[in-house]
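Reader: Hi! I've got a fresh model open and would love to walk through it with you. Could you put it up so we can both look?

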Amino acid sequence: MSKYRNIVWFLKAMQEYTRGGYETASKHFVVKDLSADLGGRSFMITGANSGIGKATAMAIAKKVGGTVHMVCRNKERAESAREDIVKESGNNNVHVHILDLSESRKVWEFTEDFKSKHSSLNVLINNAGSMVNIREVNFEGFEKNFAINTLGVYILTKGLIPLLEKSSEPRVITVSSGGMLVQKLRIIDLQTEKRPFDSTMVYAQNKRQQVVMTEEWAQAYPKIHFSVMHPGWADTPAVAKAIPDFYERLRSRLRSPEQGADTVIWLAISPAAARMPSGKFFQDRKMVPVHLPLAWTRYSREKARALMVRLEALAKRAQPSAGRSQLNCPIVDISGGPQDCIKKAA
(Lines give C-alpha, C1' and ligand atoms only; values in the text may rest on other atoms or scores of the structure.)
Protein backbone atom coordinates (compact mmCIF):
# COMPACT_ATOMS: atom_id res chain seq x y z
CA MET A 1 0.00 0.00 0.00
CA SER A 2 2.85 2.42 0.71
CA LYS A 3 4.10 1.90 -2.87
CA TYR A 4 0.61 2.76 -4.15
CA ARG A 5 0.53 5.89 -1.98
CA ASN A 6 3.92 7.01 -3.24
CA ILE A 7 2.99 6.56 -6.91
CA VAL A 8 -0.38 8.28 -6.62
CA TRP A 9 1.15 11.09 -4.59
CA PHE A 10 3.99 11.70 -7.07
CA LEU A 11 1.61 11.91 -10.03
CA LYS A 12 -0.55 14.34 -8.08
CA ALA A 13 2.48 16.37 -7.03
CA MET A 14 3.87 16.78 -10.54
CA GLN A 15 0.52 18.14 -11.67
CA GLU A 16 -0.38 20.33 -8.69
CA TYR A 17 2.68 21.21 -6.57
CA THR A 18 4.88 22.74 -9.28
CA ARG A 19 4.95 26.28 -10.64
CA GLY A 20 2.62 25.16 -13.41
CA GLY A 21 0.17 23.87 -10.82
CA TYR A 22 0.16 27.25 -9.12
CA GLU A 23 -0.32 29.13 -12.40
CA THR A 24 -3.30 26.95 -13.24
CA ALA A 25 -4.88 27.35 -9.81
CA SER A 26 -4.24 31.11 -9.65
CA LYS A 27 -6.54 31.70 -12.63
CA HIS A 28 -9.41 31.19 -10.19
CA PHE A 29 -8.09 33.41 -7.38
CA VAL A 30 -10.18 36.41 -6.31
CA VAL A 31 -7.78 39.35 -6.32
CA LYS A 32 -9.75 41.43 -3.82
CA ASP A 33 -9.37 38.67 -1.21
CA LEU A 34 -5.97 40.10 -0.31
CA SER A 35 -7.12 43.74 -0.27
CA ALA A 36 -7.37 43.85 3.50
CA ASP A 37 -6.78 46.74 5.90
CA LEU A 38 -4.66 45.34 8.72
CA GLY A 39 -4.90 48.36 11.01
CA GLY A 40 -4.17 47.32 14.59
CA ARG A 41 -3.57 43.66 13.71
CA SER A 42 -0.39 41.81 14.65
CA PHE A 43 1.14 38.76 13.01
CA MET A 44 3.77 36.36 14.32
CA ILE A 45 5.68 34.38 11.68
CA THR A 46 8.25 31.73 12.54
CA GLY A 47 11.15 31.16 10.17
CA ALA A 48 10.57 34.63 8.73
CA ASN A 49 14.10 35.42 7.57
CA SER A 50 14.03 33.50 4.27
CA GLY A 51 11.89 31.59 1.79
CA ILE A 52 8.15 31.39 2.35
CA GLY A 53 8.41 32.96 5.79
CA LYS A 54 10.16 36.08 4.50
CA ALA A 55 7.79 36.35 1.53
CA THR A 56 4.86 36.17 3.96
CA ALA A 57 6.36 38.78 6.29
CA MET A 58 7.06 41.07 3.34
CA ALA A 59 3.52 40.82 1.97
CA ILE A 60 1.92 41.48 5.36
CA ALA A 61 4.27 44.38 6.12
CA LYS A 62 3.21 46.02 2.86
CA LYS A 63 -0.44 46.04 3.94
CA VAL A 64 -1.75 49.11 5.72
CA GLY A 65 -1.47 48.89 9.49
CA GLY A 66 0.04 45.44 9.96
CA THR A 67 2.58 44.70 12.70
CA VAL A 68 4.94 41.81 12.03
CA HIS A 69 6.78 39.75 14.64
CA MET A 70 9.57 37.75 12.99
CA VAL A 71 10.57 34.71 15.04
CA CYS A 72 13.92 33.43 13.80
CA ARG A 73 16.81 31.27 14.98
CA ASN A 74 19.74 33.28 13.59
CA LYS A 75 19.99 36.91 14.75
CA GLU A 76 22.22 38.14 11.93
CA ARG A 77 20.05 36.70 9.15
CA ALA A 78 16.90 37.87 10.92
CA GLU A 79 18.12 41.47 11.21
CA SER A 80 19.22 41.46 7.57
CA ALA A 81 15.79 40.20 6.49
CA ARG A 82 14.08 42.82 8.65
CA GLU A 83 16.11 45.56 6.95
CA ASP A 84 14.97 44.29 3.55
CA ILE A 85 11.34 44.15 4.65
CA VAL A 86 11.32 47.61 6.24
CA LYS A 87 13.10 49.16 3.26
CA GLU A 88 10.75 47.64 0.67
CA SER A 89 7.51 47.97 2.63
CA GLY A 90 8.11 51.28 4.37
CA ASN A 91 6.66 49.68 7.50
CA ASN A 92 8.74 50.11 10.65
CA ASN A 93 6.44 47.91 12.75
CA VAL A 94 8.54 44.85 12.05
CA HIS A 95 10.14 43.23 15.10
CA VAL A 96 12.70 40.45 15.45
CA HIS A 97 12.55 37.77 18.15
CA ILE A 98 15.30 35.18 18.41
CA LEU A 99 14.16 31.64 19.20
CA ASP A 100 15.42 28.19 18.31
CA LEU A 101 12.31 26.01 18.05
CA SER A 102 14.41 22.91 18.62
CA GLU A 103 14.96 23.99 22.25
CA SER A 104 11.64 23.06 23.80
CA ARG A 105 12.13 24.75 27.17
CA LYS A 106 13.04 28.02 25.46
CA VAL A 107 9.85 27.87 23.39
CA TRP A 108 7.86 27.79 26.63
CA GLU A 109 9.90 30.70 27.99
CA PHE A 110 9.38 32.69 24.79
CA THR A 111 5.60 32.35 24.93
CA GLU A 112 5.49 33.53 28.54
CA ASP A 113 7.77 36.47 27.80
CA PHE A 114 5.78 37.49 24.71
CA LYS A 115 2.49 37.38 26.61
CA SER A 116 3.94 39.56 29.36
CA LYS A 117 4.95 42.26 26.85
CA HIS A 118 2.09 42.22 24.34
CA SER A 119 -1.62 42.68 24.91
CA SER A 120 -2.77 40.96 21.72
CA LEU A 121 -1.77 38.70 18.86
CA ASN A 122 -4.19 38.29 15.99
CA VAL A 123 -2.43 35.74 13.81
CA LEU A 124 0.19 33.06 14.47
CA ILE A 125 1.86 31.55 11.40
CA ASN A 126 3.81 28.37 12.17
CA ASN A 127 6.09 28.42 9.15
CA ALA A 128 9.48 27.29 10.46
CA GLY A 129 10.36 23.69 9.71
CA SER A 130 13.33 21.38 9.55
CA MET A 131 14.58 18.26 7.82
CA VAL A 132 17.69 17.13 9.68
CA ASN A 133 19.06 14.26 7.61
CA ILE A 134 20.89 12.43 10.42
CA ARG A 135 19.15 11.57 13.68
CA GLU A 136 20.10 14.13 16.33
CA VAL A 137 18.60 14.95 19.71
CA ASN A 138 18.28 18.28 21.49
CA PHE A 139 19.26 19.12 25.07
CA GLU A 140 15.99 17.70 26.38
CA GLY A 141 16.54 14.43 24.52
CA PHE A 142 13.97 15.02 21.77
CA GLU A 143 14.78 14.08 18.16
CA LYS A 144 15.36 17.40 16.37
CA ASN A 145 12.90 17.08 13.47
CA PHE A 146 10.17 16.13 15.92
CA ALA A 147 11.25 18.88 18.34
CA ILE A 148 10.97 21.60 15.68
CA ASN A 149 8.18 20.43 13.38
CA THR A 150 5.82 18.90 15.94
CA LEU A 151 6.64 19.63 19.57
CA GLY A 152 7.86 23.18 18.89
CA VAL A 153 4.67 23.98 16.99
CA TYR A 154 2.60 22.39 19.75
CA ILE A 155 4.28 24.33 22.57
CA LEU A 156 4.34 27.66 20.73
CA THR A 157 0.69 27.43 19.73
CA LYS A 158 -0.60 26.17 23.08
CA GLY A 159 1.44 28.80 24.91
CA LEU A 160 0.00 31.64 22.80
CA ILE A 161 -3.63 30.45 22.70
CA PRO A 162 -4.64 32.56 25.76
CA LEU A 163 -3.34 35.69 24.02
CA LEU A 164 -4.95 34.76 20.70
CA GLU A 165 -8.31 34.07 22.35
CA LYS A 166 -8.54 37.57 23.78
CA SER A 167 -7.54 39.20 20.47
CA SER A 168 -9.93 40.08 17.65
CA GLU A 169 -10.51 37.57 14.84
CA PRO A 170 -7.63 35.29 15.86
CA ARG A 171 -6.16 32.80 13.41
CA VAL A 172 -3.45 30.13 13.49
CA ILE A 173 -1.96 28.92 10.21
CA THR A 174 0.53 26.05 10.08
CA VAL A 175 2.64 25.45 6.98
CA SER A 176 2.60 21.70 6.44
CA SER A 177 3.46 19.65 3.36
CA GLY A 178 1.69 17.51 0.80
CA GLY A 179 4.25 14.86 1.67
CA MET A 180 2.13 14.03 4.72
CA LEU A 181 -0.33 12.32 2.35
CA VAL A 182 1.98 9.29 2.12
CA GLN A 183 2.06 8.82 5.91
CA LYS A 184 -0.28 7.11 8.33
CA LEU A 185 -0.49 8.77 11.74
CA ARG A 186 1.90 7.23 14.27
CA ILE A 187 1.36 7.66 18.00
CA ILE A 188 4.23 5.44 19.10
CA ASP A 189 7.92 5.80 18.32
CA LEU A 190 7.34 9.51 17.73
CA GLN A 191 11.05 10.17 17.77
CA THR A 192 12.12 7.32 15.47
CA GLU A 193 14.06 5.39 18.06
CA LYS A 194 12.92 1.92 17.01
CA ARG A 195 12.76 2.08 13.21
CA PRO A 196 15.37 3.03 10.58
CA PHE A 197 15.80 6.80 10.36
CA ASP A 198 14.63 8.21 7.01
CA SER A 199 14.57 12.00 7.28
CA THR A 200 12.12 12.44 4.37
CA MET A 201 9.59 10.10 5.96
CA VAL A 202 10.19 11.55 9.44
CA TYR A 203 9.45 15.01 8.02
CA ALA A 204 6.31 13.72 6.30
CA GLN A 205 5.16 12.11 9.55
CA ASN A 206 5.72 15.38 11.41
CA LYS A 207 3.61 17.14 8.80
CA ARG A 208 0.83 14.57 9.24
CA GLN A 209 1.00 15.30 12.96
CA GLN A 210 0.57 19.01 12.23
CA VAL A 211 -2.64 18.26 10.35
CA VAL A 212 -3.96 16.28 13.32
CA MET A 213 -2.99 19.01 15.79
CA THR A 214 -4.86 21.57 13.69
CA GLU A 215 -7.98 19.42 13.57
CA GLU A 216 -7.92 18.86 17.32
CA TRP A 217 -7.25 22.50 18.18
CA ALA A 218 -10.16 23.59 16.01
CA GLN A 219 -12.43 21.41 18.15
CA ALA A 220 -10.95 22.55 21.45
CA TYR A 221 -10.69 26.31 20.78
CA PRO A 222 -13.67 27.49 18.70
CA LYS A 223 -12.83 31.19 19.22
CA ILE A 224 -9.74 30.77 17.01
CA HIS A 225 -9.74 29.93 13.29
CA PHE A 226 -7.18 27.18 12.70
CA SER A 227 -5.91 26.06 9.30
CA VAL A 228 -3.03 24.04 7.89
CA MET A 229 -1.75 24.30 4.34
CA HIS A 230 0.60 22.97 1.68
CA PRO A 231 2.61 25.66 -0.16
CA GLY A 232 3.56 23.42 -3.06
CA TRP A 233 7.14 22.79 -4.08
CA ALA A 234 8.88 26.14 -3.64
CA ASP A 235 12.42 27.25 -4.45
CA THR A 236 13.72 28.05 -0.98
CA PRO A 237 17.09 27.77 0.78
CA ALA A 238 15.62 25.14 3.10
CA VAL A 239 14.64 22.86 0.20
CA ALA A 240 18.01 23.31 -1.50
CA LYS A 241 19.84 22.36 1.70
CA ALA A 242 17.63 19.51 2.92
CA ILE A 243 16.99 17.66 -0.36
CA PRO A 244 19.66 18.83 -2.85
CA ASP A 245 19.09 16.04 -5.40
CA PHE A 246 15.37 16.78 -5.60
CA TYR A 247 16.13 20.50 -5.80
CA GLU A 248 18.53 20.14 -8.72
CA ARG A 249 16.21 17.82 -10.68
CA LEU A 250 13.12 20.00 -10.34
CA ARG A 251 14.57 23.46 -9.86
CA SER A 252 13.14 24.80 -13.11
CA ARG A 253 9.65 23.68 -12.08
CA LEU A 254 9.66 24.93 -8.50
CA ARG A 255 7.40 27.75 -7.36
CA SER A 256 8.82 31.06 -6.25
CA PRO A 257 8.73 31.77 -2.49
CA GLU A 258 5.98 34.32 -3.18
CA GLN A 259 3.86 31.70 -4.93
CA GLY A 260 4.45 29.31 -2.05
CA ALA A 261 3.42 32.02 0.42
CA ASP A 262 0.22 33.01 -1.38
CA THR A 263 -2.14 30.68 0.47
CA VAL A 264 -0.45 31.45 3.81
CA ILE A 265 -1.20 35.13 3.27
CA TRP A 266 -4.74 34.39 2.08
CA LEU A 267 -5.43 32.32 5.20
CA ALA A 268 -3.91 35.02 7.42
CA ILE A 269 -5.75 38.10 6.14
CA SER A 270 -8.62 37.23 3.82
CA PRO A 271 -12.22 37.51 5.08
CA ALA A 272 -13.04 34.70 2.65
CA ALA A 273 -10.59 32.38 4.40
CA ALA A 274 -12.12 33.16 7.80
CA ARG A 275 -15.49 31.98 6.49
CA MET A 276 -14.09 28.52 5.74
CA PRO A 277 -14.48 25.80 8.38
CA SER A 278 -11.80 25.78 11.06
CA GLY A 279 -9.29 22.93 11.22
CA LYS A 280 -9.07 22.21 7.49
CA PHE A 281 -6.19 21.62 5.06
CA PHE A 282 -5.65 24.06 2.17
CA GLN A 283 -3.74 24.22 -1.07
CA ASP A 284 -3.83 27.13 -3.51
CA ARG A 285 -6.68 28.85 -1.62
CA LYS A 286 -8.86 25.75 -1.71
CA MET A 287 -9.83 23.28 1.00
CA VAL A 288 -8.46 19.88 -0.03
CA PRO A 289 -8.59 16.33 1.41
CA VAL A 290 -6.01 15.15 3.95
CA HIS A 291 -5.97 11.60 2.55
CA LEU A 292 -5.30 10.15 -0.88
CA PRO A 293 -8.07 7.93 -2.33
CA LEU A 294 -7.87 4.31 -1.16
CA ALA A 295 -4.57 4.98 0.62
CA TRP A 296 -5.48 3.56 4.06
CA THR A 297 -4.15 6.54 5.99
CA ARG A 298 -7.32 7.48 7.85
CA TYR A 299 -7.24 7.60 11.65
CA SER A 300 -9.88 7.57 14.35
CA ARG A 301 -10.67 10.54 16.59
CA GLU A 302 -9.48 8.35 19.45
CA LYS A 303 -6.06 7.99 17.83
CA ALA A 304 -5.87 11.72 17.16
CA ARG A 305 -6.69 12.42 20.80
CA ALA A 306 -4.01 9.95 21.85
CA LEU A 307 -1.42 11.93 19.90
CA MET A 308 -2.49 15.14 21.63
CA VAL A 309 -2.25 13.51 25.06
CA ARG A 310 1.25 12.28 24.24
CA LEU A 311 2.33 15.72 23.02
CA GLU A 312 0.94 17.38 26.13
CA ALA A 313 2.91 14.99 28.32
CA LEU A 314 6.14 15.64 26.40
CA ALA A 315 5.55 19.39 26.37
CA LYS A 316 5.04 19.46 30.12
CA ARG A 317 8.29 17.56 30.56
CA ALA A 318 10.12 20.52 29.01
CA GLN A 319 8.04 23.24 30.67
CA PRO A 320 9.82 25.45 33.20
CA SER A 321 8.26 25.13 36.64
CA ALA A 322 9.12 27.57 39.43
CA GLY A 323 12.19 28.56 37.45
CA ARG A 324 13.27 24.98 36.76
CA SER A 325 12.71 22.82 33.71
CA GLN A 326 11.12 19.43 34.29
CA LEU A 327 13.80 17.68 32.28
CA ASN A 328 14.21 14.93 34.84
CA CYS A 329 10.53 13.97 34.79
CA PRO A 330 10.07 10.42 33.47
CA ILE A 331 9.05 10.06 29.85
CA VAL A 332 5.48 8.80 29.57
CA ASP A 333 5.53 5.20 28.36
CA ILE A 334 3.28 4.57 25.38
CA SER A 335 2.69 1.19 23.87
CA GLY A 336 -0.34 -0.66 22.65
CA GLY A 337 -3.39 1.04 21.18
CA PRO A 338 -4.76 4.58 21.37
CA GLN A 339 -6.81 3.94 24.49
CA ASP A 340 -3.71 2.62 26.27
CA CYS A 341 -1.91 5.78 25.23
CA ILE A 342 -4.60 7.98 26.76
CA LYS A 343 -4.64 6.01 30.02
CA LYS A 344 -0.86 5.97 30.43
CA ALA A 345 -0.38 9.64 29.59
CA ALA A 346 -3.11 10.57 32.03
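Reader: Thanks! Which strand does Val 71 lie in?

Author: Happy to help, and do keep in mind that this is a predicted model. Val 71 belongs to strand 2, which covers residues 67-72.

Reader: Is Val 71 buried or exposed?

Author: Val 71 is buried: its relative accessible area is 2%.

Reader: And what does Val 71 touch, leaving out residues up to four places away in sequence?

Author: Its contacts are Met 44, Ile 45, Thr 46, Gly 47, Ala 48, His 97, Leu 99 and Phe 110.

Reader: Nice. How far is the C-alpha atom of Val 71 from that of Val 30?

Author: The two C-alpha atoms are 30 Å apart, and 41 residues separate Val 71 and Val 30 along the chain.

Reader: Let's zoom out to the sheet. In what order do the strands come?

Author: The order is 3-2-1-4-5-6-7-8, so to speak left to right on paper. Eight strands make up this open sheet, and their pairing is mixed.

Reader: Which strands stand at the edges?

Author: Strand 3 (94-98) and strand 8 do. Each has a single partner strand, so one side of each has no neighbour in the sheet.

Reader: How do strand 4 and strand 5 pair?

Author: In the parallel sense, over four bridges, with strand 4 at residues 123-126 and strand 5 at residues 171-175. Ile 125 has Ile 173 of strand 5 as its bridge partner, and Asn 126 is matched with Thr 174 in strand 5.

Reader: How many bridges join strand 5 to strand 6?

Author: Five, and these two strands run parallel. One position to look at is Arg 171, which stands opposite His 225 in strand 6.

Reader: How many residues of strand 5 are buried?

Author: Five of its five residues, which leaves strand 5 mostly covered. Arg 171, Ile 173 and Val 175 point one way, Val 172 and Thr 174 point the other way, and all are buried.

Reader: What about strand 6, how many of its residues are buried?

Author: Six of the six, so strand 6 is largely enclosed by the rest of the structure. Both of its faces are covered. On one side the buried residues are His 225, Ser 227 and Met 229, and on the other they are Phe 226, Val 228 and His 230.

Reader: Why would the residues split between two sides like that?

Author: In a regular strand, side chains alternate between the two faces of the sheet.

Reader: Good. Now the helices: which strands does helix 6 lie across?

Author: Helix 6, residues 144-165, lies across strand 1 (42-46), strand 4, strand 5 and strand 6 (225-230). Its direction is at about 175 degrees to strand 4.

Reader: And helix 10, which strands does that one lie across?

Author: Helix 10, residues 257-269, lies across strand 1, strand 4, strand 5, strand 6 and strand 7. The angle to strand 5 is about 165 degrees.

Reader: Back to helix 6 for a second. Leu 156 lies there, so what does Leu 156 touch beyond residues up to four places away in sequence?

Author: Leu 156 touches Thr 46, Leu 101, Val 107, Phe 110, Thr 111, Leu 124 and Asn 126. Leu 156 counts as buried, at 0% relative accessibility. Its C-alpha atom is 9.2 Å from that of Ser 104, although the two residues are 52 apart along the chain.

Reader: Switching topic: where is Glu 169 found?

Author: In the loop between helix 6 and strand 5. Glu 169 has a positive phi of about 45 degrees although it is not a glycine, and at 56% relative accessibility Glu 169 counts as exposed.

Reader: What is the phi of Trp 296?

Author: Positive, about 55 degrees, although Trp 296 is not a glycine. Trp 296 sits in the loop between strand 8 and helix 12 (301-318) and counts as exposed at 66% relative accessibility.

Reader: Last one, pockets. How much space lies in the second largest pocket?

Author: About 310 Å³. It has 17 lining residues, and the closest to its centre are Lys 12, Glu 16, Gln 283, Lys 286 and Val 288. Helix 1 (2-16), helix 2 (19-26), strand 7 (280-283) and strand 8 (286-287) each give two or more residues to that lining.

Reader: How do the lining residues of that second largest pocket divide?

Author: Into eight nonpolar, five polar and four charged.

Key. Residues are numbered from 1 along each chain as its sequence is written. This is a predicted model: local features need pLDDT of at least 70, side-chain atom pairs count only at pLDDT 80 or more; totals for chains, interfaces and linings use all residues. Side-chain values use heavy atoms; hydrogens and water are left out. On a 1 Å grid over the protein atoms alone, a cavity is a set of points where a 1.4 Å probe fits but cannot get out, and a pocket is an open set with protein on both sides within 12 Å along at least five of seven lines; lining residues have an atom within 4 Å of a point. Grid points are joined across faces, edges and corners, and a volume is the space filled by probe spheres set on the points. Ala, Val, Leu, Ile, Met, Phe, Trp, Tyr, Cys and Pro count as nonpolar, Asp, Glu, Lys and Arg as charged, and the others, Gly among them, as polar. Two strands pair if DSSP finds at least two bridges between them. Contact means heavy atoms within 4.5 Å. Axes are lines fitted to C-alpha atoms, for helices over the stretch in contact, and angles run from 0 to 180 degrees between N-to-C directions. Buried means under 20% relative accessible area, exposed over 50%, partly exposed in between (1.4 Å probe, protein chains only).
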